[in-house]
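Please open the model in your viewer, with the cartoon drawn and the sequence panel at hand. The stops below are meant to be selected one after another.

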Amino acid sequence: MTELQENTAPTPDRSLPSPQDRFGERFRTNVSAEGVQARVMEAETQSLAQTFAELAASGAAPRAAAVILGARRRYISGEGKSGTYAALLGADLSATLSNVFVVDGRALNPLAVLSDVRSSDVLIVFSLRRYRSETVRFGEAFKAAGGQLVVVTDADDAPLAPLADVRIHVNTGSASYADSPTAVAAVCQLLGTLTAASAKGARRRLAVRDELAATLDLYHHEPEKEPEA
């Protein structure tokens with residue numbers, strides 16, 4: 001059975017950009033499942049701790065939340081795996097804010113957004129290695145059109161980093177062939193929480209959503225038990 005090498009969690013290795021390269025370097029034979037688990041857990045814990053430490057020192061997350069709160073329209077984008085992060089952040093932000101739009105290329109595409117960009121608009125873009133060219137082009141065009149840009153990325157020299165009004169750095173160091181999603185998901189949680197804490201009408205909006213969810217019977221609930229005789 002092919003598994004991961006059993007040793008301590010690695011420091012982030014930026015020299016292996018391809019999942020295939022990382023697979024060949026990090027996967028070895030005759031390693032126990034327990035050893036794999038320990039190494040992955042250590043690497044994920046390390047990535048999250050480093051990201052939180054950097055964010056606490058830089059203050060980037062509160063600045064990004066302020067830009068998001070001050071915007072008239074909030075667009076969120078990412079391609080490939082990053083599209084999942086965009087959808088996650090979109091779900092969190094739309095619970096407490098209005099005018100939140102995930103640019104997924106289907107219901108809303110970059111062309112429609114770029115045709116009407118205002119200086120009061122913000123694009124939150126997830127751009128992680130290997131840096132999808134569609135994301136880079138969209139971010140560049142949005143910024144050139146006068147919008148604000150919040151970039152969630154994994155490197156200081158990422159293509160969109162120089163254009164960002166606010167850049168949020170995430171550590172994606174991993175013990176697997178795939179870069180770690182842990183810190184990226186945590187940043188989505190952090191931004192959603194920071195914006196909700198300061199958003200006017202957040203409590204009212206959440207209450208209305210709960211009422212509508214009950215009316216529409218959206219969530220599973222156990223049937224009420226018959227009282228015992």
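The tour begins with the whole chain, moves into a sheet and its central strands, and then visits helices and loops.

**The whole chain**

Before selecting anything, bear in mind that this is a predicted model. With the cartoon coloured by secondary structure, the protein comes to 8 helices and 7 strands. If you colour by burial instead, buried residues make up 40% of the 229 residues. Among contacts between residues at least 6 apart in sequence, 75% join residues at least 24 apart.

**The sheet**

Select strands E3, E4, E5, E6 and E7 together, and an open sheet of 5 strands appears, with parallel pairing and the order E4-E3-E5-E6-E7. Strand E4 (100-103) and strand E7 (166-169) each have a single partner strand and stand at the edges, so one side of each is left without a neighbour in the sheet. Averaged over this sheet and with direction ignored, neighbouring strands are turned by 15 degrees against each other.

**Strand E5 and its partners**

Now select strand E5 (residues 121-127), which runs parallel to strand E3 (residues 73-77) and is joined to it by 5 bridges. To follow the register, show Arg73, which stands opposite Asp121 in E5, and then Tyr75, whose bridge partner in E5 is Leu123.

On the E6 side, E5 pairs in the parallel sense with strand E6 (residues 148-153) over 6 bridges. Val125 has Val151 of E6 as its bridge partner. The chain passes from E5 to E6 through helix H6 (residues 133-144), and this β-α-β crossover is right-handed.

How many of the 7 residues of E5 are buried? The count is 7 of the 7, so E5 is largely enclosed by the rest of the structure. Showing its side chains makes the two faces distinct: Asp121, Leu123, Val125 and Ser127 are buried on one side, Val122, Ile124 and Phe126 are buried on the other, and both faces are therefore covered. Add helix H4 (residues 82-94) to the view, and you will find it lying across E3, E4 and E5, where it runs at about 140 degrees to E5.

**Ser77**

Next, centre on Ser77, which is found in strand E3. Is Ser77 buried or exposed? With a relative accessible area of 2%, Ser77 is buried. Leaving out residues up to four places away in sequence, Ser77 touches Ala86, Val103, Leu123, Ile124, Val125, Phe126 and Phe138. A distance drawn from Ser77 to Gly105, C-alpha to C-alpha, comes to 9.2 Å, although the two are 28 residues apart in sequence.

**The loop between E5 and H6**

Follow the chain onward to Arg129 and Arg130, where the peptide bond from Arg129 to Arg130 is cis, with omega near 20 degrees. Arg130 is found in the loop between E5 and H6. Tyr131 also has its place in the loop between E5 and H6, and Tyr131 has a positive phi of about 60 degrees although it is not a glycine.

**Helices H2 and H3**

Move back along the sequence and select helix H2 (residues 33-58), whose 26 residues reach 38 Å from the first C-alpha to the last, close to the 38 Å expected at 1.5 Å a residue. Its buried residues are Gly35, Val36, Arg39, Ala43, Glu44, Ser47, Thr51 and Leu55. H2 is followed by Gly59, which has a positive phi near 70 degrees.

Then select helix H3 (residues 60-70), in which Ala60, Ala61, Ala64, Ala65, Val67 and Ile68 are buried. If you look down the axis of H3, the buried residues fall within an arc of 160 degrees, so they line one face of the helix. An α-helix has 3.6 residues a turn, so residues three or four places apart point the same way.

**Helix H8 and Asp217**

For the last stop, select helix H8 (residues 202-216), which has 15 residues and reaches 21 Å from its first C-alpha to its last, close to the 21 Å expected at 1.5 Å a residue. Just after H8 comes Asp217, which has a positive phi of about 55 degrees although it is not a glycine. Asp217 counts as exposed, at 52% relative accessibility.

Key: Residues numbered from 1 in each chain as written. Predicted model: local features only at pLDDT ≥ 70, side-chain atom pairs only at ≥ 80, totals over all residues. Heavy atoms only, no water. Pairing = 2+ DSSP bridges. Helix = DSSP H or I, 4+ residues; strand = E, 2+ residues; numbered from the N terminus. Axes fitted to C-alpha atoms, helices over the stretch in contact; angles between N-to-C directions. Contact = heavy atoms within 4.5 Å. Buried < 20%, exposed > 50% of the residue type's maximum accessible area, 1.4 Å probe, protein only. Right-handed = clockwise from strand over helix to strand, strands pointing away. Arc of directions from axis to C-beta. Expected span 1.5 Å × (residues − 1).
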